[in-house]
Amino acid sequence: MLNTVTCIEDLRQLAMRRIPRAIFHYGDRGSYAEQTITANSADLARMRLRQRVMIDVSDRNLATTMLGEPVSMPLGIAPTGLTGLFHGSGEIIGARVAQSVGIPFCLSTMSICSIEDVAGAVDKPFWFQLYVMRDRGFSKSLVERAIAAKCSALMLTLDLQIQGQRHQDIKNGLAVPPRLTLGNALDIMGKPMWALRVLMGPRKSFGNLAGRLPDANSLTTLSQWIAGQFDPSLNWNDVQWIRSLWPGKLILKGVLDVEDARIAASTGADAIVVSNHGGRQLDGAPSSISVLPDIVAAVGDKTEVWFDSGIRSGQDMMRALARGAHACLIGKSWLYGLGAAGEEGVRKALEILRKELDVSMALCGVKDVRNIDSSVIA
């Protein structure tokens, strides 16, 4: 089915045709005028790689470590909300495929499959991403559930105390769980295989929030719930509180400023993720790649620095690594694969990124992914 798919954009086009418009746009689009989501890709594309010749690159290595654990390439699957609506059991599929190819998978608080659903379906530990709620008791219970599920790392997202407006979601009338309306009836009825897979999935709404999200039948309701539950008073003291609850590795995601990066590193976090939430929060914020070098320089070797927001190719991975990232995370790229062809599509997306990185290394004269640095930028 995917024999003619050669790049992530091919998977994106397939996903656009195979899943409902509202779900596709949720993963694909950004906030407000979408200046930041556009900059994420454009700023990466402007970077030129330095082609080298006559260097023996017959024996190449893409393996490295993340949080001290071996990975087959410097890449992890970022936490993404509503994943189980891109394909039934989407979070379970993502975790299984990631683990089979030797990279980490992070489950979102706003996932369709719950922590327990995923833990019961995989053999190895995965990561869990936490949004801190006003009800700190509930936040604590999420951490405790992640500990009970033997999650190996906790990713605390810092940049969504208040939700940036995503115009397309409102125009599409995105609902969780999906509902049939006059506006989307033809769209959903034209995708019977998608509907069947979602109906066969273990859940239709947010599994981790079961019992806490009454009447969440539209994005407006969800936005109101976020406004009432996500905590705009979140501050650095809360990181220490989370640290006191969580015994394992701690990742801080959503850092886009040098001063914030220094503070994040001083908390003892094991990794920080340079990210603008995929262009889905503060529109007009800089691209992740444009601030990455300064953050790497400011943090030094105090913690690992990872890159997120904009990876659509192995060449993009090469660029981020060249600017100092220890590893990269993908959100949209793997969701396109999931929406296009389920497990086969996710596997294809990871295969594409790996092959593109491998070829790019060879043509830049690099034999080991750990040796990629600024010298590969023309």
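A crossover is right-handed if, with the strands pointing away from the viewer, the path from the first strand over the helix to the second runs clockwise. The legends below describe close-up views of a predicted model.

**View 1. Strand β7, helix α13 and strand β8 form a right-handed β-α-β unit.**
The helix of this unit, α13, covers residues 258–266. Strand β7 spans residues 249–255. Six of the seven residues of β7 are buried, so the strand is mostly covered, buried meaning under 20% relative accessible area. Strand β8 covers residues 271–274. How many bridges pair β7 with β8? There are four, and the pairing is parallel. Within it, Ile-251 faces Ala-271 of β8.

**View 2. Strand β7 also pairs with strand β6.**
Five bridges join β6 and β7. The two strands run in the parallel sense. Which residue of β7 stands opposite Met-155? That residue is Ile-251. Ile-251 also stands opposite Ala-271 in β8. Follow Ile-251 to step from the β6 pairing to the β8 pairing.

**View 3. Strand β5, helix α7 and strand β6 make a right-handed β-α-β unit.**
Helix α7 runs over residues 136–148. Strand β6 runs over residues 153–157. β5 and β6 are parallel, with four bridges between them. Ala-153 of β6 sits opposite Trp-127. On β5, Trp-127 is also the bridge partner of Cys-106. That contact belongs to the pairing of β5 with β4, residues 106–107. Here two bridges hold the parallel pair.

**View 4. The side chains of strand β5 point in two directions.**
In a regular strand the side chains alternate between the two faces of the sheet. Strand β5 covers residues 127–130. Trp-127 and Gln-129 point one way. Phe-128 and Leu-130 point the other way. Are these four residues buried or exposed? All are buried.

**View 5. Asp-283 is buried without a salt bridge.**
Asp-283 sits in the loop between β8 (271–274) and α14 (288–299). Where is the nearest side chain of opposite charge? It belongs to Arg-166, 10 Å away. A salt bridge needs a side-chain nitrogen of Lys or Arg within 4 Å of a carboxyl oxygen, so Arg-166 does not qualify as a partner. Backbone nitrogens do approach the Asp-283 side chain. The nitrogen of Ala-33 is 2.9 Å from one of its polar atoms. For the backbone nitrogen of Gln-35, the distance to a polar atom of the Asp-283 side chain is 2.8 Å. Leaving out residues up to four places away in sequence, Asp-283 touches Ser-31, Tyr-32, Ala-33, Glu-34, Gln-35 and Thr-36.

**View 6. A salt bridge links Arg-145 and Glu-116.**
The nitrogen-to-oxygen distance between the two side chains is 2.9 Å. Why does this pair tie together separate parts of the sequence? Arg-145 lies in helix α7 and Glu-116 in helix α6 (residues 115–119), so the joined parts are 29 residues apart in sequence. Arg-145 is partly exposed, at 22% relative accessibility. Glu-116 is partly exposed too, at 39%. The whole structure holds 18 salt bridges.

**View 7. Lys-140 and Glu-144 form a salt bridge in helix α7.**
The closest N and O atoms of the pair are 4.0 Å apart. Lys-140 and Glu-144 are four residues apart, which means a separation of about one helical turn. Lys-140 has a relative accessible area of 35% and is partly exposed. Glu-144 is partly exposed at 43% relative accessibility.

**View 8. Glu-343 and Arg-347 form a salt bridge in helix α16.**
Helix α16 covers residues 332–363. The closest N and O atoms of Glu-343 and Arg-347 are 3.2 Å apart. About one helical turn separates the two, as they are four residues apart. Relative accessibility is 40% for Glu-343, which counts as partly exposed. Arg-347 counts as partly exposed at 33%.

**View 9. Glu-9, Arg-12 and Asp-28 share a network of salt bridges.**
Three residues are shown: Glu-9, Arg-12 and Asp-28. Salt bridges link them in a network.

**View 10. Met-189 is exposed in helix α9.**
Helix α9 covers residues 185–189. The relative accessible area of Met-189 is 52%; over 50% counts as exposed. How far from Met-189 is Leu-353 in space? Their C-alpha atoms are 33 Å apart. In sequence, 164 residues separate Met-189 and Leu-353.

Terms used
Residues are numbered from 1 along each chain as its sequence is written. This is a predicted model: local features need pLDDT of at least 70, side-chain atom pairs count only at pLDDT 80 or more; totals for chains, interfaces and linings use all residues. Side-chain values use heavy atoms; hydrogens and water are left out. Buried means under 20% relative accessible area, exposed over 50%, partly exposed in between (1.4 Å probe, protein chains only). Two strands pair if DSSP finds at least two bridges between them. Lys and Arg count as positive and Asp and Glu as negative; His and the chain ends are not counted. A polar contact is a pair of N or O atoms within 3.5 Å; within protein, one must be able to donate a hydrogen and the other to accept it, and residues adjacent in sequence count only if both atoms are side-chain atoms. Contact means heavy atoms within 4.5 Å.
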